[in-house]
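Please open the model in your viewer and keep the selection tool at hand. The tour goes from aromatic rings to nonpolar cores.

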Amino acid sequence: MPSFTSSLLKNRVQLGLSQLDLAARADLSPRTIQIAESGKEVSTRTLSAISDALEVPSDQLIRIDPAINEIIHDGFLDMPWRAGDDLRKGRLPHGGDTCRDETEVREVIERMHRSFQSQIDRSGNETEQRLCRQRFDQLAANGSGLSERYVDIWKTHPDALRVDRADGDVYAVSIVLPLRQEVFDGFIEGRLDYSEIDGACLTERSQHLLLDSVTEFSDQRERFWHRITHSLSFITLNQIAMLSSAPERSDFEMASFYASPINLRRLTSVGFESMRTIQPISQYPICYFGQERKCRENDDTYANATTLTHFAHLAQRLRNANFRQMMARALLAGVKRRQNAQQHRAAMAG
């Protein structure tokens with residue numbers, strides 16, 4: 001876990017904040033701020049909250065161990081737990097934007113593939129990197145085909161691809177696919193590769209989701225890395241909430257796969273388990289999240305069930321919050337239309 005340096009105290013004093021002021025701004029207890037300023041280790045959530053409150057990049061406030069440099073910037077290690085704080089305070093996490101057209105979809109997928117390569121190069125040992133590169137190169141040989149597959153998915157279900165957009169620029173993409181059950185079963189059982197899943201495999205909402213790709217772009221330079229990953233984690237959670245039929249039911253399940261150690265760390269942090277099956281073409285190992293199938297011989301039932309219960313609770317609350325927001329917008333739009341009609345009639349009468 002990371003620990004702060006004396007820079008934390010200096011930045012707080014420069015802003016004219018007391019420990020109580022900073023605690024209120026970061027939504028933490030004053031005791032937590034005292035612990036942080038003493039140089040003791042803190043959680044990634046505390047690190048992110050304080051750095052956001054001070055509007056200072058976290059790597060300027062802490063002692064950085066190169067081995068955990070990426071971990072402390074990775075908002076996925078707080079998902080779905082951090083989203084719970086926002087929901088309790090009545091804030092709705094950002095749900096991202098859909099791609100504007102086919103050209104943008106192709107550009108997003110091209111940047112996503114470049115980021116895959118960057119992730120492989122900066123994670124794992126040499127053996128893991130070599131294996132990941134071999135798998136990636138095998139798929140990259142059909143790069144145009146993969147891009148057109150995502151265009152087909154976008155045409156069928158635009159919400160399956162959502163991007164983190166700020167000031168007109170795209171910084172990341174989250175791809176969550178609501179699958180028909182027979183397609184999901186084929187994937188889980190290792191009979192169907194993710195590269196073979198297209199728009200015809202999707203349904204409007206499903207209890208069987210494929211977490212295809214959740215990737216921040218390595219070629220961006222404008223935004224702080226941890227802010228992108230936090231935003232992206234919220235977008236993914238929002239997609240899962242809106243694309244699932246009933247996330248609170250026991251038959252809700254997700255599948256995914258990992259192409260690098262970073263992918264695996266993110267998946268396991270939110271409750272995914274590695275399966276024994278691999279994909280037939282890409283050879284990527286498959287992961288599973290749900291109660292319907294048992295993946296491991298050792299019994300992690302309690303830990304997994306706790307994660308599932310919390311995740312399902314958050315997803316259901318997100319669905320309800322989004323629904324209320326849509327109803328409110330519809331109501332306001334109706335009021336505005338009536339006002340415009342009244343003004344029009346008044347103008348005609350005058």
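The stops below are selections to make in turn, in a model that is predicted.

Begin with the aromatic side chains, among which a search of the whole structure finds five pairs. Select Phe-257 and Tyr-284, which form a stacked pair with 5.7 Å from centre to centre and 5° between the planes. This pair links distant parts of the chain, since Phe-257 lies in strand β5 (residues 253–257) and Tyr-284 in the loop between β6 (273–278) and β7 (285–290), 27 residues apart. Phe-257 has a relative accessibility of 9% and therefore counts as buried, the cut-off being under 20%, and Tyr-284, at 3%, is buried as well. Now add Phe-187 and Tyr-194 to the selection, and you have the four members of one aromatic cluster.

Which residues have the most contacts inside the largest nonpolar core? They are Leu-177 and Ile-197, in a core of 39 residues. To see where this core is drawn from, colour α6 (102–121), α7 (126–140), α8 (143–156), β2 (161–166), β3 (169–178), α9 (181–188), β5 and β7, the elements that each give two or more residues to it; the largest share, six residues, comes from α6.

Centre next on Leu-177 and show its surroundings: leaving aside residues up to four places away in sequence, Leu-177 touches several residues, including Arg-149, Ile-153, Ile-197 and His-208. From there, follow Arg-149 to its charged end, which sits over the ring of Tyr-150, 4.4 Å from the ring centre.

Finally, select Val-214, Met-254, Leu-267 and Val-270, which are among the 19 residues of a second, separate core.

Technical notes:
Residues numbered from 1 in each chain as written. Predicted model: local features only at pLDDT ≥ 70, side-chain atom pairs only at ≥ 80, totals over all residues. Heavy atoms only, no water. Phe/Tyr/Trp six-rings, centres within 6.5 Å; stacked < 30°, edge-to-face > 60°. Helix = DSSP H or I, 4+ residues; strand = E, 2+ residues; numbered from the N terminus. Buried < 20%, exposed > 50% of the residue type's maximum accessible area, 1.4 Å probe, protein only. Lys NZ or Arg CZ within 6 Å of the ring centre and 35° of its normal. Core = buried A, V, L, I, M, F, W, Y, C linked by side-chain atoms within 4.5 Å. Contact = heavy atoms within 4.5 Å.
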